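The exercises below are to be worked with the sequence and the model in view. Each task is followed by its solution.

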Amino acid sequence: MFEDLKAIDGVGAKTAERLAELDDPREALEAENVAEIARAPGISDGRAARIVRAAIRHRHDDSGEFLATDRAEELYGSILESLKARAVTAYGEKRLETFYPSASADRIAEVRAFTERAVEREPSPEILEALSGVEPLEAPRDVQVRDRCLATNDAETFSEAREAIPEVSVELIEDARGIADLARGYSTVIVLDEAFSGVEIDGDVRVRPDALSDPTEIVPERALAFFARNGDRLRAAAAVHRAAGLEAPCDLDALEGALERLEGDGSVTGDEQLRRLGTAIDDLDAAVSMAENAANDRLREAIEKRDVTIEGTDLLSLVERGAGVDSLLERELADEYAAAIESARKRLLGALELPDHESLARGAFNEEPTFPVEHDERVIERLREELIAERDRRAARLKQELAERLGELRDPAEALVGAALELDVELAVSRFARDFECTFPAIEGEGIEIEGGRSPLLDVPFEDVEPVDYTVEGVSLLSGVNSGGKTSTLDLLGVVVVAAQMGLPVPAERARVQRFEALHYQAKTQGTLDAGAFEATLREFGALVESDRTRLVLVDELESITEPGASAVIVAGILESLTESDSTAVFVSHLAGEIREAADVDVTVDGIEAIGLENGELRVNRSPVKNQLARSTPELIVEKLAENEGAPFYSELLGKFDAEGD
Ligand SMILES: Nc1ncnc2c1ncn2[C@@H]1O[C@H](COP(=O)(O)OP(=O)(O)OP(=O)(O)O)[C@@H](O)[C@H]1O
């Protein structure tokens, strides 16, 4: 299928090129995957939906000319809007745009298989709420890793590596010296050539000829960035699965647990040791000076409290030796000094919370008595380096582990979101079916049969719409009182046929429709047409009666296009020609009687009748009565007056109506 993308209607060379940027555009078109098509550069969501629709038509060899007039398009437009209004996700809305009324039995059956399953779905507020967070998964923004590089001395491996792992820099080297140079600039160098194994080079140099086959190990950042970017969508998709009781493609707890450990920037959280190391590094200087100050306060207090007694000879010998206060301290206050140092060490260790680094940290305060107590900055620097190295090692290991866990969830994640989005489309159909109390129509036979049909296009709340029964086959005229519901009946016929041929259930208790090749719905024109427009309309009908396609022709008050006398003749002529075709046609007209007279063939005239007048308002039977020319509103009023007033004038008037009706 779709070998040449340009074979699809509306796909030119430029669009084909854009589609070719996708991993597998043909597969995406086959799967009707609007979201994937919309990922092609420069293709908007709306355009993607149109391309997919054109691809479906192409697949079914479907002309796409079903909607033959503006009004027919409008009916489709309102059904589509009704469906889209019931989707939660933007994706769902676009996907619904791929539903269109088709003349192809295969296409209708294909969608019916989907919609029949869909209407079984129970839409619940929890599912709809969860769906609001679902969107198609996105590729993360470019990930760049700067502390690692790949190295090779082979040109082919070089380009393979750039292709496979674009996140890191790939360097072409000549010999071990080249690797050594790289090791000075990067914390890790991954050499891709077996030939260098065993070569001794300073720094973190790993010879890994198989590295390209496991990118997750080299750049765990890739998987992490993907999940970090899509975390919210995945959580929402998981919630949808739970709320809807869908079978998930992976263990949802495991997915959520792994996501829990991932920060928005792709780093790993929730590791106590990593947190401690980070805090220790940040607070090291402050902790050291706090420990130092505390030790000094303690020592000062001890010195202040002490009376130092020293014998004169001792003092003399000390002074003669040039000894300072330190030696005095050492001699006289050794215990106090030791206690102060010990408390400084304890404070520092307490602040760092890192037992593994205890012995080095203790060395920050040495045993040499001095006053004031001073830390050894070289020890602190070493400690800092150790802590940073350990933190980086640990962070890298955690990333690696999490990336491995998440890497396995990459495909299931895609399936999880795909299923949630598909459910949105199903639920939109299900809600449409429930809101308009739809049933699946039989698509067979000639003409249309509707029982209890209710047009969702009416200007009254749906629960107040009165059900209509109507069966048409061949060519009929539909007469009826003013505002009786003639236009609404045409709309109902149109909506039922369009929805049925979209593969949807229809708003009726029961329905059967013929599979038509086209819907030609001519809406009522506002006022008479000028000569040019009149000619154009006639030409349209000329083309229509000549075509041999099986059509549903709905025409609303065509007489309004010109003078009543001429109109009746024209409509009669059109009806005659249509009678010879395989079309089903309903012409709404106030001139039904005149048209029937003018026509050379037998034309069925159905009527929407007033049952009577109630408080000055007509009560109407909305279901057209077969073979019954409806009485007009004036006739009804005259009849009422004749009955109630008894004056002969009214009875005579009524007699004239009766004579005309015969
Ligand atoms: N099945 C129905 N249930 C409830 N209300 C209806 C129904 N059909 C029609 N109506 C009401 O009657 C109004 C007039 O309907 P519609 O325009 O279809 O009548 P019409 O016979 O085509 O009128 P006109 O003679 O003016 O062309 C609608 O706007 C709607 O309010």
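**Exercise 1.** How many residues surround the ligand, and which are the closest?

The model is predicted: local features need pLDDT of at least 70 and side-chain atom pairs count only at pLDDT 80 or more, while totals for chains, interfaces and linings use all residues. Residues are numbered from 1 along each chain as its sequence is written.

Step 1. The ligand is surrounded by 15 residues, each with its C-beta atom, placed from the backbone, within 6 Å of it. The closest are Glu466, Gly485, Lys486, Thr487 and Ser488.

Step 2. Helix H21 (residues 486-502) gives the largest share of this shell, three residues. Helices here are DSSP runs of H or I with at least four residues, numbered from the N terminus.

Step 3. Sorted by class, the shell has seven polar, four nonpolar and four charged residues. Ala, Val, Leu, Ile, Met, Phe, Trp, Tyr, Cys and Pro count as nonpolar, Asp, Glu, Lys and Arg as charged, and the others, Gly among them, as polar.

**Exercise 2.** Compare the span of helix H25 (residues 633-645) with the expected one.

Step 1. H25 has 13 residues, and at 1.5 Å a residue these should span 18 Å; the expected span is 1.5 Å times one less than the number of residues.

Step 2. The end C-alpha atoms of H25 are 18 Å apart, which agrees.

Step 3. Gly646, just after H25, takes a positive phi of about 75 degrees.

Definitions and conventions. Helices (H or I, at least four residues) and strands (E, at least two) are DSSP runs, numbered from the N terminus.
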